[in-house]
Amino acid sequence: MKDGKYIVLGIESSCDDTSAAVTADGRELLSLSISSQIEIHTMYGGVVPEIASRNHLKNINIVIRQAVDEAGIDFHDIDLIGVTCGPGLIGALLVGVSAAKALAYALDRPIAGVHHLHGHISANYIQSPELEPPFIAVVASGGNTDIIDVRGYNDLLLLGQTRDDAAGEAMDKVARVMGIGYPGGPVIDRLSKEGDPHAIEFKRVMLEKGSYDFSFSGLKTQVINYVNHERMVGREIDQKDLAASFQQAVMDVIVTKSLEAAEEYGRDRIALAGGVASNSLLRSMMREACSQKGFQYYRPEPVLCTDNAAMIACAAYYMSEEGLLSDLSLDAYPVLDLDWCRNMQ
Ligand code: KG4
């Protein structure tokens, strides 16, 4: 406790960002430290798991120390340690989980193992103090495109997910084919602002009626075929039009399905989460679509969309409210069901 507030230290290391954060009473963010490895992995055009783990090891103590110092607390003020325990790269996860367990042991504090997507959704609680379940969450990142019915702080029902590429993954792969850099999402977002989203008609893959699943690999293939064809016939490709047309096709599907889910499940609030939630078209389309339907629309600021430990600390706080805590036997899980915290007791 510090000044009568419940202090949580969050730790996140599931992919290529090493992060620690401190929150007070769940939603008040006292500090956030993120060490990004993006420059290292850019050389390889994607995240190399072994290199990610080694860099987490180098950075983990630094980001934890930074978060504690910037929050103006002492290690003994920490009431709970929340850590991402899955899903993610196993070597990367193990670094965060081991650090969390070492601290929990040394400080004699409880530990909450947080599902990474539960964390992403919880970023919205930090951003929007008035937001409470139930609502529909749309988590779109490099590894996931999920529509989730958030029934309670720790009660998440997966309504649909991608059957192949995640939205961010498709954007990264298309950017690679276009030769415009990594990660592709932000570059496509920037280029699209000057392109015509209707210049090239790509087919939207909606799958069977009533399904909230996604499929982006067919759209990715349409773009690759278009690029190959234009190169073969010697036509110059307008990168801005291509980026804008592809991006529009991705976001049309995400927005349409999210609204359908909200209507079917009787929710009047939609929250975005994950790295792709920074996308300017997705944000403006979702804002517009929600306002037309009379729904409330929520999204975290970009630093809370990407992987960060603030969202983990926030989720851990709400887990502790329901006694959903782990002990030093907590493990790291490369694959983890979304209802993990419901099944842990
Ligand atoms: O959530 P995140 O930081 O990491 C995980 O995948 O867990 O998401 C990274 C993904 C990448 O695929 C990146 O290209 C995408 O988010 N991304 C974006 C934007 N910023 C990041 N995609 C579209 N538009 C953006 N502005």
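Modeller: A residue counts as near a molecule or strand if one of its heavy atoms lies within 4 Å of it. This is a predicted model, where local features need pLDDT of at least 70 and side-chain atom pairs pLDDT 80 or more, while totals for chains, interfaces and linings use all residues. Residues are numbered from 1 along each chain as written, and side-chain values use heavy atoms, leaving out hydrogens and water.

Colleague: Happy with that! Which residues come nearest to the ligand?

Modeller: G142, D172, D189, G275 and T306, out of 21 residues around the ligand.

Colleague: What makes the approach of T306 to the ligand a polar contact?

Modeller: The cut-off is a pair of N or O atoms within 3.5 Å; within protein, one must be able to donate a hydrogen and the other to accept it, and residues adjacent in sequence count only through two side-chain atoms. A polar side-chain atom of T306 is 2.7 Å from a ligand oxygen, so the pair qualifies. D307 also offers a polar side-chain atom, 3.2 Å from an oxygen of the ligand, and G275 a polar backbone atom at 2.9 Å from one. Taken alone the ligand exposes 550 Å², of which the protein buries 86% (Shrake-Rupley areas, 1.4 Å probe).

Colleague: Which helix gives the most to the shell around the ligand?

Modeller: That is α6, with four residues; α4, α5 (167-178) and α6 (184-192) each supply at least two. Helices here are DSSP runs of H or I with at least four residues, and strands are E runs of at least two, numbered from the N terminus.

Colleague: Why is S14 called buried?

Modeller: Buried means under 20% relative accessible area, exposed over 50%, partly exposed in between (1.4 Å probe, protein chains only). S14 has 4%, so the word fits. S14 sits in the loop between β1 and β2 (17-24). Beyond four places away in sequence, S14 touches T84, P87, G88, L89, A92, L93, H116 and D307 (heavy atoms within 4.5 Å). With H116, the side chain of S14 makes a polar contact of 3.3 Å.

Colleague: How do you know that β4 and β5 pair?

Modeller: Pairing takes at least two DSSP bridges. β4 (residues 80-86) and β5 have five, in the parallel sense, so they pass. One of the bridge partnerships joins T84 to V114 in β5.

Colleague: What makes β3 and β5 edge strands?

Modeller: In the open, mixed sheet β3-β2-β1-β4-β5, β3 (28-36) and β5 (111-115) each pair on one side only.
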